[in-house]
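Hi,

Here is the structure I promised to pass on. Have a look at it first, and my notes on what turned up follow right below.

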Amino acid sequence: MKIVIANDHAGVDLKNEVKEYIESLGHEVINIGTDSNESCHYPEYGAKAARMVASGEVDLGVLICGTGVGISLAANKIKGIRCGVCSETTTARLIRQHNNANMIAFGARIVGNELAKDIVKSFLEAEFEGGGRHQTRIDMITAIENEA
C-alpha cells in the first residue's frame, strides 16, 4: 500500500519512527510532514494529506500532532475522509473494520513510539467488514457530508 504520513512540529520524532516502521512492513510511505521542530500549522498538513487520500493518490493516511485531535479535525473537513484519533490498538482496528476509516491520527504527547507502531499496525492490517449495518452507517455519514 501507499501511505501518506503528515505531522506538525510536535510529531517530528514520532513521525520518523512510525515512517520507518511502516516501511519495514513493506509499504511505501510519502512523508509530507514537517521535519522541523519549529512551530507550524497542523491544519495545512492534515488537509494536504487528506486530499491525497481522497483523490486516490495514496491508499491511507497517518497523521500526528500533539494530541492527534487538531490534525484529524482538519483532515475530516475534506470530503470523503474518515479519520479517527486512536490512543490504543482496539480502536485503530475497529475504525477500519466498522467505519472504513481511511486515515488515523494520534498524539505524540499521548502515545509513545512502541504503542504508536502497534496502533499503526492494527490500523493497516484491519479490513472493512463491508455491507450490512456498517455500510448503512457509512452511507448515512456520506449523506450528511453531502448536505453541506
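Lysine 19 counts as partly exposed, because its relative accessibility is 21%, and the buried class stops under 20%. Do keep in mind as you read that this is a predicted model. The side chain of lysine 19 meets that of glutamate 23 in a salt bridge, with 2.8 Å from N to O. Both residues sit in helix H1, and since they are 4 residues apart, about one helical turn separates them. Glutamate 23 is partly exposed as well, at 35% relative accessibility.

Why would two side chains like these pair up at all? Side chains of opposite charge can do so when their charged atoms come close. In this model the count comes to 5 salt bridges, and I'll take you through a few of them.

Helix H5 has a salt bridge between glutamate 125 and lysine 121, whose closest N and O atoms are 3.8 Å apart. The two residues are 4 positions from each other in H5, about one turn of the helix. Which of the classes do they fall into, exposed or partly exposed? Glutamate 125 is exposed, with a relative accessible area of 56%, whereas lysine 121 is partly exposed at 31%.

Then there is a salt bridge that reaches across the chain. Glutamate 17 pairs with lysine 117, and their closest N and O atoms are 3.3 Å apart. This pair links distant parts of the chain, 100 residues apart: glutamate 17 belongs to helix H1 (residues 12-24) and lysine 117 to helix H5. Glutamate 17 is partly exposed, its relative accessible area being 33%. Lysine 117 is buried, because its relative accessible area of 14% is under the 20% limit. These two are also part of a network of salt bridges that links Glu17, Glu114 and Lys117.

That brings me to how the helices pack. Two packed helices are described by the angle between their axes and the distance between those axes. For H1 and H5, the angle is about 45° and the axes are 10 Å apart. An angle of about 45° falls outside the roughly parallel class, which ends under 35 degrees, and below the 65 to 115 range, so H1 and H5 are oblique to each other. Their crossing is right-handed.

Which residues make the contact? On the H1 side they are Leu14, Glu17, Val18, Tyr21 and Ile22, and on the H5 side Asn113, Ala116, Lys117, Val120, Lys121 and Leu124. Sorted by type, the residues of this contact are 7 nonpolar, 1 polar and 3 charged. You'll recognise Glu17 and Lys117 in that list, the pair joined by the salt bridge between H1 and H5.

H5 (residues 113-125) also packs with H4 (residues 89-97), where the axes come within 7 Å and cross at roughly 20°. With an angle under 35 degrees, H4 and H5 are therefore roughly parallel to each other. H4 passes H5 in a right-handed crossing. Here Thr89, Ala92, Arg93, Ile95 and Arg96 from H4 meet Asp118, Ile119, Ser122 and Phe123 from H5. The residues of this contact divide into 4 nonpolar, 2 polar and 3 charged.

Asparagine 100 is worth a look too. Its place is the loop between H4 and strand E5 (103-107). What is its phi? Asparagine 100 has a positive phi of about 50°, although it is not a glycine. Most residues other than glycine have a negative phi. Asparagine 100 counts as partly exposed, at 23% relative accessibility.

Two more residues to find on the model:

- Leucine 73 is in helix H3 (residues 69-75). Leucine 73 is exposed, because its relative accessible area of 52% is over 50%. From leucine 73 to cysteine 83 there are 10 residues in sequence and 8.2 Å in space, C-alpha to C-alpha.
- Glutamate 44 is in helix H2 (residues 42-55). Glutamate 44 is exposed as well, with a relative accessible area of 53%. Its C-alpha atom is separated by 24 Å from that of methionine 1, 43 residues away along the chain.

Over to you!

Notes
Residues numbered from 1 in each chain as written. Predicted model: local features only at pLDDT ≥ 70, side-chain atom pairs only at ≥ 80, totals over all residues. Heavy atoms only, no water. Buried < 20%, exposed > 50% of the residue type's maximum accessible area, 1.4 Å probe, protein only. Axes fitted to C-alpha atoms, helices over the stretch in contact; angles between N-to-C directions. Parallel < 35°, antiparallel > 145°, perpendicular 65-115°, else oblique. Left-handed = near helix turned anticlockwise from the far one by under 90°. Contact = heavy atoms within 4.5 Å. Nonpolar A, V, L, I, M, F, W, Y, C, P; charged D, E, K, R; others polar. Salt bridge = Lys/Arg side-chain N within 4 Å of Asp/Glu carboxyl O.
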